[in-house]
Amino acid sequence: MAKKQRVFVVGVGMTKFEKPGRRDDIDYPDMVNEAVTKALQDCKLPYQAVQQACVGYVYGDSTCGQRALYPLGMTGIPIYNVNNNCSTGSSALYLAKQLVEGGQSDCVLALGFEKMDRGSLTSKFNDRTNPMDKHVEILADTVGIEAAPITAQMFGAAGAEHNKKYGTTPEHMAKIAYKNHKHSVNNPYSQFRDEYTLDQIKKFSTCLWAINKTTVLSHFRWRCRCYCSF
């Protein structure tokens with residue numbers, strides 16, 4: 001087996017998290033341009049140094065990755081579009097890492113962006129099998145379905161299952177939220193920048209197991225993040 005090459009993230013750039021509808025002067029190519037430009041400036045490399053690109057997004061038509069990157073340069077590089085729900089961005093980064101690690105390229109761009117709709121997450125293609133149908137069946141059989149957004153119910157049920165298996169408590173979730181919100185105050189890219197005490201977080205009413213407005217991540221967001229791997 002050939003020896004794997006070491007891989008480094010040499011540049012990072014991102015945009016601010018935005019709520020859908022808050023700005024009408026920005027689209028995903030604009031977000032990509034901002035994030036990629038920042039990443040290239042961070043690593044002091046030109047776009048022409050990028051040999052391949054892995055682009056992750058969920059809400060968008062096929063080949064949005066190409067449309068997003070073409071304004072930065074028509075260099076003829078392979079552009080791979082990645083869709084893997086909440087792990088889309090990390091999947092794009094992992095693929096970029098493999099391309100460098102395996103010696104296929106020396107410099108690969110990993111990019112993730114999303115421009116979501118208002119409201120709760122919903123299916124877009126209702127004329128075919130839903131990829132989450134088995135998850136929903138198990139959810140219904142184990143804890144039941146409530147009149148609430150299905151994704152939030154899955155997260156709540158996952159928390160409850162973790163509690164049964166490993167003893168995780170709402171106190172643990174509250175401490176995670178406390179840490180995250182404390183960090184967000186100093187992060188200009190955060191969507192929510194309010195700081196809460198641990199007692200405040202624990203007193204918020206919950207809609208599902210240990211889930212309240214401070215412990216669940218808002219799904220209604222626009223953002224873009226870019227990594228240059230070398």
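**View 1. Leu198 of helix H7 is partly exposed in this predicted model**. With a relative accessibility of 22%, Leu198 counts as partly exposed, because the buried class is reserved for values under 20%. The residue lies in helix H7, and, when its neighbours within four places in sequence are left aside, Leu198 is in contact with Glu171, Ala174, Lys175 and Tyr178. One of these partners, Lys175, stands 23 residues from Leu198 in sequence, while the two C-alpha atoms are 6.6 Å apart in space.

**View 2. Helix H6 turns its buried residues towards helix H7**. Helix H6 runs over residues 170-184, and its 15 residues should span 21 Å at 1.5 Å a residue, which agrees with the 21 Å between its end C-alpha atoms. Within this helix Ala174, Ala177, His181 and Ser184 are buried. Because these four cover an arc of only 85° around the axis, they sit on the same side of H6. An α-helix has 3.6 residues a turn, so residues three or four places apart point the same way. The buried residues of H6 pack against helix H7, residues 198-203, and Ala174 is among the residues in contact with Leu198.

**View 3. Helices H4 and H5 pack at an oblique angle**. Helix H4, residues 133-142, and helix H5, residues 150-166, have axes that lie 11 Å apart and meet at an angle of about 60°, which makes H4 oblique to H5. The residues that make the contact are His135, Val136 and Leu139 on the H4 side, together with Ile150, Gln153, Met154 and Ala157 on the H5 side. The crossing of these two helices is left-handed.

**View 4. Gln66 is a buried residue of helix H2**. Gln66 is placed in helix H2, which covers residues 64-69, and its relative accessible area of 16% falls under the 20% limit, so the residue is classed as buried. Not counting residues up to four places away in sequence, Gln66 touches Ile79 and Asn81.

**View 5. The whole chain places these close-ups among seven helices and five strands**. Read along the sequence, the elements follow the pattern β-α-β-α-β-α-β-α-α-α-α-β, and the C-alpha trace spans about 50 × 45 × 45 Å along its principal axes. Buried residues account for 36% of the 230 residues in the chain. Of the contacts between residues at least 6 apart in sequence, 74% join residues at least 24 apart.

Key. Residues numbered from 1 in each chain as written. Predicted model: local features only at pLDDT ≥ 70, side-chain atom pairs only at ≥ 80, totals over all residues. Heavy atoms only, no water. Expected span 1.5 Å × (residues − 1). Buried < 20%, exposed > 50% of the residue type's maximum accessible area, 1.4 Å probe, protein only. Arc of directions from axis to C-beta. Contact = heavy atoms within 4.5 Å. Axes fitted to C-alpha atoms, helices over the stretch in contact; angles between N-to-C directions. Parallel < 35°, antiparallel > 145°, perpendicular 65-115°, else oblique. Left-handed = near helix turned anticlockwise from the far one by under 90°.
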